[in-house]
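Q: Please take a close look at a single helix of this protein and at what surrounds it. I should like a connected account rather than a list.

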Amino acid sequence: MSRFKRALGRLLLALLAGVAAGAAGAQTYGIGHPVSERELAPWNIDVDARGAGLPPGSGSVARGRAVYAQTCAACHGERGQGTPADALVGGKGSLASATPLKTIGSFWPYATTVFDFINRAMPYNAPKSLSANDVYAVTAYLLHLNGIVGADAVLDAGNLAAVRMPNRDGFVSDSRPDTANTACRRQCNGGAAASR
């Protein structure tokens, strides 16, 4: 074995020993504490494709129109057309073209993802500032602008996951061995992809 390989091996062992000592030091010095469910709750806001994690509440297209005008239109345009931020409406049938327009109505596969993104990240200048009712309402309004739900739609945790998005079947499972995520694929695809 060359001196370089021996030196590299010793360096790696030293690094691993340092990491282990750091972990032991955290226990020795009392750094941190176990997180309680109550402490975790404000951060545990993820929503999956099937709607697991959706909070209580509901919102109508009419309420969404008002909330959108107040908190979203300055960035996404009066009717979601974009400028200065991304367009949220339009692009139907454009994905296979030379200039695809990826919007909620043309690209996004799940309505629950729309809710999740708005809930986590919008409005841009004040993320997580909207109530669950307002997020349901804005989601309903944006789905309405894209022709996915009617003007009288009211969305909630019970019916949002059932909304069928136009590009739901436009996504395929990635079966490459270096990208496999069995737990997610089992949960998100009803087990079909996990059995491959």
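A: In this predicted model, residues 24 or more positions apart account for 54% of the contacts with a separation of 6 or more. The secondary structure comprises seven helices and two strands, arranged along the sequence as α-α-β-α-α-α-α-β-α. Of the 196 residues in the protein, 31% are buried.

The part considered here is helix 3, which spans residues 61-71. Its buried residues are Val61, Gly64, Val67 and Tyr68. Viewed down the axis of helix 3, these buried residues fall within an arc of 115 degrees, and they therefore line one face of the helix. The general geometry of an α-helix is relevant to such a pattern: with 3.6 residues a turn, residues three or four places apart point the same way. On the other side of helix 3, Ala69 and Gln70 are exposed.

The cover over the buried residues of helix 3 includes strand 1 (58-60), helix 4 (73-76) and helix 6 (132-145). The packing against helix 6 can be described further. Two packed helices are described by the angle between their axes and the distance between the axes. Here, the axes of helix 3 and helix 6 come within 7 Å and cross at roughly 100 degrees. Since angles of 65 to 115 degrees count as roughly perpendicular, helix 3 is roughly perpendicular to helix 6. Helix 3 contributes Val61, Arg63, Gly64, Arg65, Val67 and Tyr68 to this contact, while helix 6 contributes Asp134, Ala137, Val138, Ala140, Tyr141, Leu142 and His144. By character, the residues of the contact comprise eight nonpolar, two polar and three charged. Val61, Gly64, Val67 and Tyr68, the buried residues of helix 3, are thus among those that meet helix 6.

The setting extends to the largest nonpolar core, which has 31 residues. In this core, Ile118, Leu142, Leu143, Leu160, Val163 and Met165 touch the most other members. The elements that give two or more residues to the core are helix 3, helix 5 (111-121) and helix 6, and helix 6 gives the most, with eight residues. Leu142, listed among the core residues that touch the most other members, also takes part in the contact of helix 6 with helix 3. Val163, for its part, touches Ala111, Leu143, Ile148, Val149, Leu155 and Arg168, not counting residues up to four places away in sequence. As a general tendency, nonpolar side chains in soluble globular proteins are buried together.

Conventions. Residues are numbered from 1 along each chain as its sequence is written. This is a predicted model: local features need pLDDT of at least 70, side-chain atom pairs count only at pLDDT 80 or more; totals for chains, interfaces and linings use all residues. Side-chain values use heavy atoms; hydrogens and water are left out. Buried means under 20% relative accessible area, exposed over 50%, partly exposed in between (1.4 Å probe, protein chains only). Helices (H or I, at least four residues) and strands (E, at least two) are DSSP runs, numbered from the N terminus. The arc is that of the directions from the helix axis to the C-beta atoms. Contact means heavy atoms within 4.5 Å. Axes are lines fitted to C-alpha atoms, for helices over the stretch in contact, and angles run from 0 to 180 degrees between N-to-C directions. Angles under 35 degrees count as roughly parallel, over 145 as roughly antiparallel, 65 to 115 as roughly perpendicular and the rest as oblique. Ala, Val, Leu, Ile, Met, Phe, Trp, Tyr, Cys and Pro count as nonpolar, Asp, Glu, Lys and Arg as charged, and the others, Gly among them, as polar. A nonpolar core is a set of buried Ala, Val, Leu, Ile, Met, Phe, Trp, Tyr and Cys residues joined through side-chain atoms within 4.5 Å.
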